[in-house]
Amino acid sequence: ELFKQFLHLDYFAATNISRMPDNLYKGPFFIFGKTKLQAARDICNQFGAELGQSVVYADNIDDLPLLKSAGECIVVHPLDPGLLAESEKNNWRVIR
């Protein structure tokens, strides 16, 4: 909620995970790839919005299906060379 207010957003969704002492990640849900794309579609349907009008921030090549469906894509700290190449090919904004 604070992040949404700070950025002056109407809605904000993110994967909610925690790093455990054994360096594994867990959380109430962990989605990626086509599952994340479907979750984004569901959110858009809930609000009567088009995914093509959304802004998506992503940091993993697994987010490629979502990125390719969004209206504006912002790639954050792309460590994967494949994601960086896709960013350059599609003229997506990159934040390092």
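**Note on the predicted model**

1. Overall layout. The protein has 4 helices and 5 strands. This is a predicted model. Read from the N terminus, the order of elements is α-β-β-α-β-α-β-α-β. Of the 96 residues, 23% count as buried. The exposed area of the protein is about 7100 Å², and carbon and sulfur atoms supply 53% of that area. Among contacts with a separation of 6 or more, 19% are between residues 24 or more positions apart.

2. Strand 3 and its faces. Strand 3 covers residues 55-58. Its side chains alternate: Val56 and Ala58 are buried and point to one face, while Val55 and Tyr57 point to the other face and are not buried. In a regular strand, side chains alternate between the two faces of the sheet.

3. Strand 3 against strand 4. These two strands pair in the parallel sense, with 4 bridges, strand 4 being residues 72-76. Val55 stands opposite Glu72 in strand 4, and Val56 stands opposite Cys73. Between the two strands the chain passes through helix 3, and this β-α-β crossover is right-handed.

4. Strand 4 against strand 5. Strand 5 (residues 93-95) pairs with strand 4, also in the parallel sense, over 3 bridges. Arg93 in strand 5 is the bridge partner of Ile74. The connection from strand 4 to strand 5 runs through helix 4 (residues 81-90) and is a right-handed β-α-β crossover.

5. Salt bridge Lys36-Asp63. A search of the whole structure finds 3 salt bridges. In one of them the side chains of Lys36 and Asp63 meet at 3.0 Å, N to O. The two residues are 27 positions apart and link distant parts of the chain, with Lys36 in helix 2 (residues 33-47) and Asp63 in the loop between strand 3 and helix 3. Are the two partners buried or exposed? Both Lys36 and Asp63 are buried. For Asp63 the relative accessible area is 4%, so this residue falls under the 20% limit for buried. Leaving aside residues up to four places away in sequence, Asp63 touches Lys36 and Ala58. Ala58 is one of the buried residues of strand 3.

6. Salt-bridge network on helices 3 and 4. Lys68, Glu86 and Lys89 are linked in a network of salt bridges. The side chains of Glu86 and Lys68 meet at 3.8 Å, N to O. This pair joins distant parts of the chain, with Glu86 in helix 4 and Lys68 in helix 3, 18 residues apart. The other link is between Lys89 and Glu86, where the closest N and O atoms are 3.4 Å apart. Lys89 and Glu86 both lie in helix 4, 3 residues apart, which is about one turn of the helix.

7. Burial within that network. Glu86 is buried because its relative accessible area of 13% is under 20%. Lys68 counts as exposed at 51% relative accessibility, and Lys89 counts as exposed at 61%.

8. Nonpolar surface patch. Phe3, Phe6, Leu7, Leu9 and Phe12 make a nonpolar surface patch of about 480 Å². Leu7 lies in the loop between helix 1 (2-6) and strand 1 (18-19). Its relative accessibility is 36%, so Leu7 counts as partly exposed, between the limits of 20% and 50%.

9. Ala13. This residue is placed in the loop between helix 1 and strand 1. With a relative accessibility of 48%, Ala13 counts as partly exposed. The C-alpha atoms of Ala13 and Ala40 are separated by 8.6 Å, while the two residues are 27 positions apart along the chain.

10. Positive phi values. Most residues other than glycine have a negative phi. Which residues depart from this here? His77 has a positive phi near 45°, and Asn91, also not a glycine, has a positive phi of about 60°. His77 is in the loop between strand 4 and helix 4, whereas Asn91 is in the loop between helix 4 and strand 5. His77 is partly exposed at 46% relative accessible area. Asn91 is exposed, because its relative accessible area of 72% is over 50%.

Technical notes
Residues numbered from 1 in each chain as written. Predicted model: local features only at pLDDT ≥ 70, side-chain atom pairs only at ≥ 80, totals over all residues. Heavy atoms only, no water. Patch = residues over 30% accessible without salt bridge, like charges linked within 9 Å, V, L, I, M, F, W, Y side chains within 5 Å. Areas by Shrake-Rupley, 256 points an atom, 1.4 Å probe, with all protein chains shown as cover. Salt bridge = Lys/Arg side-chain N within 4 Å of Asp/Glu carboxyl O. Buried < 20%, exposed > 50% of the residue type's maximum accessible area, 1.4 Å probe, protein only. Contact = heavy atoms within 4.5 Å. Pairing = 2+ DSSP bridges. Right-handed = clockwise from strand over helix to strand, strands pointing away.
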